[in-house]
Amino acid sequence: MTEQDSRDTSRASGGAGAQAPDESAVKAAIEEEAARFAGSADNASPVDGERLFAPPFFGYAAGDDPAWRTLSSGAVECSWTPLEAFRLGIPDSSASASDLTVVSAVLPATPETTGDQAATERFPAARWLASRHSHGRSVDGLARCLASRLGSMGIERVVPDHLPSFRTLRHPVHVFTSTWSHRHAAWAAGLGTFGLSEGLITRAGVAHRLTSVIVRARLAPTPRTYAGFRDWCLFYSSGKCGKCIGRCPPGAISAGGHDKELCRSYANDVVRPWAAARFPDMEGAYACGLCQAGVPCASRAPGAGD
Ligand code: SF4
Ligand code: SF4
(Lines give C-alpha, C1' and ligand atoms only; values in the text may rest on other atoms or scores of the structure.)
(Ligands and ions follow the chains in the order given, each with its own letter.)
Protein backbone atom coordinates (compact mmCIF):
# COMPACT_ATOMS: atom_id res chain seq x y z
CA MET A 1 0.00 0.00 0.00
CA THR A 2 1.41 3.41 -0.94
CA GLU A 3 1.47 6.44 1.33
CA GLN A 4 -1.43 7.91 -0.69
CA ASP A 5 -3.41 4.67 -0.44
CA SER A 6 -2.89 4.77 3.30
CA ARG A 7 -4.26 8.30 3.59
CA ASP A 8 -7.33 7.29 1.57
CA THR A 9 -8.14 4.15 3.51
CA SER A 10 -6.97 4.27 7.08
CA ARG A 11 -8.32 5.60 10.34
CA ALA A 12 -7.02 9.07 11.13
CA SER A 13 -5.15 9.68 14.32
CA GLY A 14 -6.95 11.88 16.78
CA GLY A 15 -10.50 13.13 16.31
CA ALA A 16 -13.43 12.37 18.52
CA GLY A 17 -16.39 10.05 18.21
CA ALA A 18 -14.85 7.63 15.69
CA GLN A 19 -17.52 4.97 16.15
CA ALA A 20 -20.63 7.16 16.35
CA PRO A 21 -20.11 10.32 14.33
CA ASP A 22 -22.87 12.88 14.29
CA GLU A 23 -24.79 12.61 11.01
CA SER A 24 -25.39 16.31 10.48
CA ALA A 25 -21.72 17.09 11.19
CA VAL A 26 -20.56 14.46 8.69
CA LYS A 27 -22.88 15.66 5.95
CA ALA A 28 -21.96 19.30 6.64
CA ALA A 29 -18.27 18.41 6.35
CA ILE A 30 -18.91 16.64 3.04
CA GLU A 31 -20.77 19.67 1.65
CA GLU A 32 -18.05 22.03 2.89
CA GLU A 33 -15.36 19.92 1.28
CA ALA A 34 -17.34 19.82 -1.98
CA ALA A 35 -17.59 23.61 -2.02
CA ARG A 36 -13.90 23.96 -1.29
CA PHE A 37 -13.03 21.45 -4.02
CA ALA A 38 -15.19 23.26 -6.60
CA GLY A 39 -13.02 26.37 -6.32
CA SER A 40 -9.70 24.59 -5.85
CA ALA A 41 -6.76 24.01 -8.17
CA ASP A 42 -7.83 20.35 -8.40
CA ASN A 43 -10.90 21.54 -10.30
CA ALA A 44 -9.04 23.93 -12.59
CA SER A 45 -7.82 23.20 -16.10
CA PRO A 46 -4.02 23.09 -16.24
CA VAL A 47 -4.26 24.74 -19.65
CA ASP A 48 -6.24 27.90 -18.84
CA GLY A 49 -7.43 27.61 -15.23
CA GLU A 50 -11.08 27.23 -16.21
CA ARG A 51 -13.07 25.07 -13.78
CA LEU A 52 -13.32 21.47 -14.98
CA PHE A 53 -16.60 20.46 -13.33
CA ALA A 54 -19.64 22.13 -11.81
CA PRO A 55 -19.98 21.76 -8.01
CA PRO A 56 -20.50 18.13 -6.95
CA PHE A 57 -23.60 16.75 -5.30
CA PHE A 58 -24.09 13.58 -3.27
CA GLY A 59 -26.25 10.56 -2.57
CA TYR A 60 -25.99 8.11 0.30
CA ALA A 61 -26.53 4.34 0.38
CA ALA A 62 -26.57 2.16 3.49
CA GLY A 63 -23.79 -0.42 3.68
CA ASP A 64 -26.33 -3.16 4.44
CA ASP A 65 -28.76 -2.20 1.67
CA PRO A 66 -29.87 -5.53 0.10
CA ALA A 67 -29.18 -3.95 -3.31
CA TRP A 68 -25.43 -4.51 -2.82
CA ARG A 69 -25.89 -8.27 -2.90
CA THR A 70 -27.87 -7.98 -6.13
CA LEU A 71 -25.23 -5.73 -7.62
CA SER A 72 -22.27 -7.84 -6.61
CA SER A 73 -23.85 -11.08 -7.80
CA GLY A 74 -25.78 -9.91 -10.85
CA ALA A 75 -25.46 -6.50 -12.44
CA VAL A 76 -21.73 -6.13 -11.97
CA GLU A 77 -20.89 -9.55 -10.63
CA CYS A 78 -17.21 -8.92 -9.87
CA SER A 79 -17.99 -5.93 -7.68
CA TRP A 80 -17.21 -5.86 -3.99
CA THR A 81 -19.89 -5.17 -1.45
CA PRO A 82 -19.14 -2.07 0.68
CA LEU A 83 -18.12 -4.30 3.60
CA GLU A 84 -15.77 -6.37 1.42
CA ALA A 85 -14.08 -3.22 0.12
CA PHE A 86 -13.94 -1.69 3.60
CA ARG A 87 -12.26 -4.76 5.07
CA LEU A 88 -9.69 -4.77 2.29
CA GLY A 89 -8.84 -1.19 3.20
CA ILE A 90 -9.01 -1.53 6.99
CA PRO A 91 -8.61 -5.22 7.83
CA ASP A 92 -8.65 -4.65 11.60
CA SER A 93 -11.84 -2.58 11.60
CA SER A 94 -14.69 -3.96 13.69
CA ALA A 95 -17.32 -2.30 11.44
CA SER A 96 -20.26 -4.35 10.22
CA ALA A 97 -22.19 -3.65 7.02
CA SER A 98 -24.84 -1.71 8.92
CA ASP A 99 -22.18 0.65 10.31
CA LEU A 100 -21.21 1.77 6.81
CA THR A 101 -22.53 4.30 4.30
CA VAL A 102 -21.43 4.70 0.69
CA VAL A 103 -21.11 8.38 -0.14
CA SER A 104 -21.55 8.74 -3.89
CA ALA A 105 -20.50 11.97 -5.62
CA VAL A 106 -21.54 13.34 -9.02
CA LEU A 107 -19.32 15.94 -10.68
CA PRO A 108 -21.45 17.39 -13.49
CA ALA A 109 -19.81 18.68 -16.65
CA THR A 110 -20.04 22.47 -16.85
CA PRO A 111 -22.59 23.97 -19.25
CA GLU A 112 -19.66 25.25 -21.34
CA THR A 113 -18.19 21.76 -21.65
CA THR A 114 -21.53 20.15 -22.47
CA GLY A 115 -22.32 22.90 -25.00
CA ASP A 116 -19.01 22.49 -26.81
CA GLN A 117 -19.34 18.72 -26.78
CA ALA A 118 -22.85 18.90 -28.24
CA ALA A 119 -21.53 20.93 -31.17
CA THR A 120 -19.02 18.30 -32.27
CA GLU A 121 -19.80 15.15 -34.23
CA ARG A 122 -16.72 12.98 -34.60
CA PHE A 123 -14.18 13.94 -31.96
CA PRO A 124 -14.55 15.30 -28.43
CA ALA A 125 -14.42 19.02 -27.72
CA ALA A 126 -11.24 20.39 -26.14
CA ARG A 127 -13.05 21.19 -22.89
CA TRP A 128 -14.40 17.64 -22.68
CA LEU A 129 -10.99 16.16 -23.32
CA ALA A 130 -9.40 18.44 -20.71
CA SER A 131 -11.88 17.41 -18.02
CA ARG A 132 -11.24 13.72 -18.74
CA HIS A 133 -7.50 14.15 -19.06
CA SER A 134 -7.40 15.75 -15.62
CA HIS A 135 -9.47 12.93 -14.09
CA GLY A 136 -6.73 11.82 -11.71
CA ARG A 137 -6.35 15.29 -10.27
CA SER A 138 -10.02 16.31 -10.25
CA VAL A 139 -12.28 13.31 -9.59
CA ASP A 140 -9.72 11.38 -7.58
CA GLY A 141 -8.83 14.68 -5.92
CA LEU A 142 -12.37 15.07 -4.65
CA ALA A 143 -12.30 11.54 -3.22
CA ARG A 144 -9.01 12.33 -1.48
CA CYS A 145 -10.36 15.62 -0.11
CA LEU A 146 -13.38 13.84 1.33
CA ALA A 147 -11.30 10.99 2.75
CA SER A 148 -8.86 13.40 4.32
CA ARG A 149 -11.59 15.55 5.88
CA LEU A 150 -13.48 12.56 7.25
CA GLY A 151 -10.23 11.12 8.56
CA SER A 152 -9.59 14.36 10.43
CA MET A 153 -12.92 13.76 12.18
CA GLY A 154 -11.74 10.33 13.33
CA ILE A 155 -13.95 8.47 10.86
CA GLU A 156 -12.72 5.29 9.19
CA ARG A 157 -13.11 5.50 5.44
CA VAL A 158 -12.07 3.72 2.27
CA VAL A 159 -11.88 4.95 -1.32
CA PRO A 160 -12.56 1.64 -3.12
CA ASP A 161 -10.82 2.37 -6.40
CA HIS A 162 -7.71 3.60 -4.57
CA LEU A 163 -7.23 0.18 -2.97
CA PRO A 164 -4.18 -1.68 -4.29
CA SER A 165 -6.40 -4.66 -5.09
CA PHE A 166 -8.82 -2.62 -7.24
CA ARG A 167 -8.97 -4.14 -10.71
CA THR A 168 -10.75 -3.71 -14.00
CA LEU A 169 -11.55 -7.10 -15.44
CA ARG A 170 -12.70 -8.86 -18.58
CA HIS A 171 -16.10 -10.43 -18.09
CA PRO A 172 -17.87 -13.07 -20.22
CA VAL A 173 -21.21 -11.21 -20.10
CA HIS A 174 -20.42 -7.60 -19.21
CA VAL A 175 -17.22 -7.51 -21.35
CA PHE A 176 -15.45 -5.14 -18.94
CA THR A 177 -16.19 -4.82 -15.27
CA SER A 178 -14.31 -3.87 -12.13
CA THR A 179 -14.07 -4.70 -8.47
CA TRP A 180 -15.93 -1.47 -7.64
CA SER A 181 -18.34 0.46 -9.84
CA HIS A 182 -18.95 4.14 -9.04
CA ARG A 183 -21.94 4.06 -11.42
CA HIS A 184 -23.64 1.21 -9.59
CA ALA A 185 -22.84 2.86 -6.27
CA ALA A 186 -24.53 6.03 -7.55
CA TRP A 187 -27.56 3.98 -8.61
CA ALA A 188 -27.73 2.46 -5.12
CA ALA A 189 -27.39 5.95 -3.62
CA GLY A 190 -30.51 7.19 -5.39
CA LEU A 191 -28.67 9.38 -7.88
CA GLY A 192 -29.95 7.98 -11.16
CA THR A 193 -30.41 5.08 -13.55
CA PHE A 194 -28.63 3.76 -16.61
CA GLY A 195 -29.31 4.86 -20.16
CA LEU A 196 -29.11 3.11 -23.51
CA SER A 197 -25.56 4.44 -23.85
CA GLU A 198 -24.82 2.90 -20.43
CA GLY A 199 -24.06 6.22 -18.76
CA LEU A 200 -25.82 6.97 -15.49
CA ILE A 201 -28.62 9.49 -16.05
CA THR A 202 -28.76 11.74 -12.98
CA ARG A 203 -30.90 14.81 -12.24
CA ALA A 204 -27.95 16.76 -13.69
CA GLY A 205 -27.85 14.50 -16.73
CA VAL A 206 -25.42 11.93 -18.05
CA ALA A 207 -22.45 14.26 -18.68
CA HIS A 208 -20.47 13.87 -15.48
CA ARG A 209 -17.84 11.92 -13.61
CA LEU A 210 -18.46 9.91 -10.46
CA THR A 211 -16.58 8.84 -7.40
CA SER A 212 -17.48 7.23 -4.08
CA VAL A 213 -16.13 6.83 -0.56
CA ILE A 214 -17.18 4.22 2.00
CA VAL A 215 -17.41 5.70 5.48
CA ARG A 216 -17.98 4.22 8.92
CA ALA A 217 -20.94 6.38 9.79
CA ARG A 218 -24.66 5.69 9.65
CA LEU A 219 -26.04 8.39 7.36
CA ALA A 220 -29.67 8.49 6.25
CA PRO A 221 -29.84 6.94 2.77
CA THR A 222 -31.03 8.92 -0.21
CA PRO A 223 -34.37 7.43 -1.36
CA ARG A 224 -34.28 5.63 -4.70
CA THR A 225 -37.21 7.10 -6.60
CA TYR A 226 -36.97 4.37 -9.24
CA ALA A 227 -37.51 0.63 -9.24
CA GLY A 228 -35.20 -0.64 -11.96
CA PHE A 229 -31.82 0.03 -13.50
CA ARG A 230 -33.02 1.99 -16.56
CA ASP A 231 -36.16 3.85 -15.52
CA TRP A 232 -34.88 7.35 -16.37
CA CYS A 233 -33.88 6.53 -19.97
CA LEU A 234 -36.62 7.52 -22.42
CA PHE A 235 -35.79 4.60 -24.69
CA TYR A 236 -36.49 2.06 -21.97
CA SER A 237 -39.32 3.90 -20.27
CA SER A 238 -41.32 4.90 -23.35
CA GLY A 239 -39.66 3.37 -26.41
CA LYS A 240 -38.80 6.86 -27.66
CA CYS A 241 -35.61 8.83 -28.08
CA GLY A 242 -32.54 6.78 -29.05
CA LYS A 243 -30.74 10.06 -29.80
CA CYS A 244 -27.48 8.67 -28.42
CA ILE A 245 -27.49 6.06 -31.21
CA GLY A 246 -26.98 8.74 -33.84
CA ARG A 247 -24.37 10.56 -31.74
CA CYS A 248 -21.95 7.62 -31.69
CA PRO A 249 -19.36 7.87 -34.50
CA PRO A 250 -18.45 4.16 -34.70
CA GLY A 251 -22.05 2.94 -34.21
CA ALA A 252 -21.38 1.39 -30.81
CA ILE A 253 -24.91 2.15 -29.56
CA SER A 254 -27.99 0.44 -30.98
CA ALA A 255 -31.45 -0.53 -29.83
CA GLY A 256 -29.73 -3.62 -28.45
CA GLY A 257 -27.50 -1.59 -26.14
CA HIS A 258 -23.88 -0.47 -25.92
CA ASP A 259 -21.02 -2.32 -27.60
CA LYS A 260 -18.21 -1.80 -25.10
CA GLU A 261 -15.51 -3.31 -27.32
CA LEU A 262 -16.32 -1.01 -30.22
CA CYS A 263 -16.57 1.99 -27.91
CA ARG A 264 -13.21 1.28 -26.33
CA SER A 265 -11.47 0.68 -29.64
CA TYR A 266 -12.83 3.97 -31.03
CA ALA A 267 -11.50 5.86 -28.00
CA ASN A 268 -8.14 4.10 -28.05
CA ASP A 269 -7.44 3.66 -31.75
CA VAL A 270 -9.11 6.72 -33.25
CA VAL A 271 -9.54 9.43 -30.62
CA ARG A 272 -6.24 8.89 -28.83
CA PRO A 273 -3.96 9.46 -31.87
CA TRP A 274 -6.16 12.35 -33.02
CA ALA A 275 -5.92 14.00 -29.59
CA ALA A 276 -2.17 13.39 -29.37
CA ALA A 277 -1.65 15.25 -32.65
CA ARG A 278 -4.05 18.06 -31.88
CA PHE A 279 -3.54 18.57 -28.13
CA PRO A 280 0.05 17.60 -27.31
CA ASP A 281 -0.31 19.22 -23.87
CA MET A 282 -2.91 16.57 -22.99
CA GLU A 283 -0.69 13.55 -23.47
CA GLY A 284 -2.58 10.25 -23.34
CA ALA A 285 -6.04 11.82 -23.52
CA TYR A 286 -8.50 9.57 -25.29
CA ALA A 287 -12.04 10.14 -24.00
CA CYS A 288 -14.90 10.23 -26.51
CA GLY A 289 -18.21 10.90 -24.73
CA LEU A 290 -20.11 12.19 -27.76
CA CYS A 291 -23.14 10.17 -26.60
CA GLN A 292 -23.22 12.23 -23.39
CA ALA A 293 -23.95 15.61 -25.00
CA GLY A 294 -26.35 16.76 -27.67
CA VAL A 295 -28.91 14.30 -26.26
CA PRO A 296 -32.07 14.88 -24.17
CA CYS A 297 -30.44 13.39 -21.07
CA ALA A 298 -27.21 15.42 -21.30
CA SER A 299 -28.05 17.80 -18.44
CA ARG A 300 -31.25 16.42 -16.95
CA ALA A 301 -33.23 13.22 -16.43
CA PRO A 302 -36.13 13.42 -18.88
CA GLY A 303 -37.37 9.95 -17.94
CA ALA A 304 -37.77 11.18 -14.35
CA GLY A 305 -40.05 13.98 -15.52
CA ASP A 306 -37.34 16.66 -15.38
S1 SF4 B 1 -30.20 9.85 -25.40
FE2 SF4 B 1 -32.26 9.04 -25.03
S3 SF4 B 1 -32.06 6.81 -25.42
FE4 SF4 B 1 -29.97 7.63 -25.15
S5 SF4 B 1 -29.54 7.35 -22.95
FE6 SF4 B 1 -30.39 9.44 -23.20
S7 SF4 B 1 -32.61 9.22 -22.81
FE8 SF4 B 1 -31.78 7.14 -23.18
S1 SF4 C 1 -18.20 7.13 -25.79
FE2 SF4 C 1 -18.12 7.58 -28.02
S3 SF4 C 1 -17.71 5.59 -28.98
FE4 SF4 C 1 -18.39 5.17 -26.89
S5 SF4 C 1 -20.61 4.85 -27.05
FE6 SF4 C 1 -20.31 7.03 -26.56
S7 SF4 C 1 -20.24 8.06 -28.55
FE8 SF4 C 1 -19.93 5.88 -28.93
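**A walk from a loop to two ligand shells**

Let us start in the loop that links strand S6 (192-194) to strand S7 (200-202), where Glu-198 sits. Keep in mind as you look around that this is a predicted model. Glu-198 catches the eye through its backbone: its phi is positive, about 80 degrees, although it is not a glycine. Most residues other than glycine have a negative phi. As for its surroundings, Glu-198 has 19 other C-beta atoms within 10 Å, and because the cut-off for buried is 20 or more, it counts as partly exposed.

A second residue with a positive phi is Cys-241, which is not a glycine either and has a value near 85 degrees. Look for Cys-241 in the loop between H9 and H10. Cys-241 has 19 C-beta neighbours inside 10 Å and is therefore partly exposed.

Cys-241 also leads us to ligand 1. This ligand has 14 residues around it, and those that come nearest are Gly-195, Cys-233, Cys-241, Cys-244 and Cys-297. Helix H9 (234-238) and helix H10 (243-247) are the elements that give two or more residues to this shell. By class, the shell around ligand 1 holds 10 nonpolar residues, three polar ones and one charged one.

Now turn to ligand 2, which has 13 residues around it. Nearest to ligand 2 come Cys-248, Cys-263, Cys-288, Leu-290 and Cys-291. Its shell divides into nine nonpolar, three polar and one charged residues.

From the ligands, let us move to strand S8 (residues 208-215). Eight of its eight residues are buried, so the strand is largely enclosed by the rest of the structure. What about its two faces? His-208, Leu-210, Ser-212 and Ile-214 point one way from S8, while Arg-209, Thr-211, Val-213 and Val-215 point the other way, and all are buried.

S8 has strand partners, too. Strand S2 (residues 101-108) runs antiparallel to S8 and is joined to it by eight bridges; here Ser-104 has Ser-212 as its bridge partner. Strand S3 (residues 157-158) is also antiparallel to S8, with two bridges joining them, and Val-158 is partnered with Ile-214.

We end our walk in helix H11 (residues 260-278), where Pro-273 is found. Is Pro-273 buried or exposed? Pro-273 has 11 other C-beta atoms within 10 Å, and because 12 or fewer is the cut-off, it is exposed. To place Pro-273 in the model, compare it with Leu-52: these residues are 221 apart along the chain, and 23 Å separates their C-alpha atoms.

Terms used. Residues are numbered from 1 along each chain as its sequence is written. Chains are lettered from A and ligands numbered from 1 in the order in which they are written. This is a predicted model: local features need pLDDT of at least 70, side-chain atom pairs count only at pLDDT 80 or more; totals for chains, interfaces and linings use all residues. A residue is near a molecule or strand if its C-beta atom, placed from the backbone, lies within 6 Å of it. Helices (H or I, at least four residues) and strands (E, at least two) are DSSP runs, numbered from the N terminus. Ala, Val, Leu, Ile, Met, Phe, Trp, Tyr, Cys and Pro count as nonpolar, Asp, Glu, Lys and Arg as charged, and the others, Gly among them, as polar. Two strands pair if DSSP finds at least two bridges between them.
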